[in-house]
Amino acid sequence: MNEQIRAREVRLVGPEGEQVGIVPLERALQLAADVDLDLVEVAPMARPPVCKLMDFGKFKYESALKAREARRNQQQTVIKEMKLRPKIDPHDYETKKGHVVRFLKAGDKVKVTIMFRGREQSRPELGYRLLRRLESEISELGYVEAAPKQDGRNMIMVLAPHRATKAAAVAATTTRGGPRERAAEGAPEAGETAAAGETGTTAETSGP
């Protein structure tokens, strides 16, 4: 920046983005001084390097503001886990499905795990059928991001909210006051353990 620039000539860009052209470094520094701006190297690897006339202090301040706003608006992707048994009771199934619906509406992904025990392991079609039923019944809110797959004694499927569902969740979070308020409202219910998502651990709801 300014006198720290070592090139003999630079390709100069004006404060409004206009192309001035290739000028000697001394001329570029003089132009910067005339308008009380800084000469900032924006493409040092170019030949000649590209420099722009700008208020560097203001530029740094605005960049910091934009970065802070981006972090504030960033929506953390969370994965919740719901565990079911292949021969789950109808009432328990509806309860578990209700949790899945709530997670999707909150903009979170859901890892659905079917747990097989004993002889159930010889009937994987029971778990597959249950997962397909769940997929069909939540189709308005989400879609299958990872198809059902056998993993040892378990069968796993990952559901993700539709873009519109997630956008609605983000809008609702913004209206309510941001992630801190959402975290308070998302406190775990009985039988449910809340944790971080893809960036950390998984939230889990144990099956019967």
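Helices (H or I, at least four residues) and strands (E, at least two) are DSSP runs, numbered from the N terminus. The model is predicted, so that local features need pLDDT of at least 70 and side-chain atom pairs count only at pLDDT 80 or more, while totals for chains, interfaces and linings use all residues. Residues are numbered from 1 along each chain as its sequence is written, and side-chain values use heavy atoms, with hydrogens and water left out.

**Exercise 1. Locate Glu120 among the elements, and decide whether Glu120 is buried or exposed.**

Solution. Step one is the position: Glu120 lies in the loop between E6 and H4. Step two is the accessibility, where buried means under 20% relative accessible area, exposed over 50%, and partly exposed in between (1.4 Å probe, protein chains only). Because its relative accessibility is 13%, Glu120 counts as buried. Step three lists the neighbours, a contact being heavy atoms within 4.5 Å: leaving aside residues up to four places away in sequence, Glu120 touches Arg85, Pro86, Lys87 and Met115.

**Exercise 2. Describe how strands E5, E6, E7 and E8 pair.**

Solution. Two strands pair if DSSP finds at least two bridges between them. Begin with E5 and E6, which pair in the parallel sense over six bridges, with Ile79 standing opposite Lys109 in E6. Continue with E6 and E8, whose pairing is antiparallel, again over six bridges, and where Val112 stands opposite Met157 in E8. Finish with strand E7 (residues 142-151), which pairs with E8 in the antiparallel sense over seven bridges; the bridge partner of Gly142 in E8 is Pro161. In the hairpin of E7 and E8, two residues stand between the strands, and Gly152 takes a positive phi near 65°.

**Exercise 3. Establish how far E5, E8 and Thr113 are covered.**

Solution. For E5, six of its six residues are buried, and both faces are covered, with Ile79, Glu81 and Lys83 on one side and Lys80, Met82 and Leu84 on the other. For E8, seven of the eight residues are buried, so this strand is largely enclosed by the rest of the structure. Turning to Thr113, which is found in strand E6, its relative accessibility is 2%, and therefore Thr113 counts as buried. Apart from residues up to four places away in sequence, Thr113 touches Glu81, Met82, Lys83, Leu84, Asn154, Met155 and Ile156.

**Exercise 4. Identify the residues and elements that build the largest nonpolar core.**

Solution. A nonpolar core is a set of buried Ala, Val, Leu, Ile, Met, Phe, Trp, Tyr and Cys residues joined through side-chain atoms within 4.5 Å. The largest has 19 residues, of which Leu84, Val100, Val110 and Leu159 touch the most other members. Two or more residues come from each of strand E5 (79-84), helix H3 (90-105), strand E6 (109-115), helix H4 (124-137) and strand E8 (154-161), and the largest share, four residues, comes from H3. Another core, of 10 residues, lies apart from this one and includes Ile5, Val10, Leu12 and Ala28.

**Exercise 5. Find the charge that lies over the ring of Tyr93.**

Solution. The criterion is that NZ of Lys or CZ of Arg is within 6 Å of the ring centre and within 35 degrees of the ring normal. Arg133 lies over the face of Tyr93, at 4.0 Å from the ring centre.
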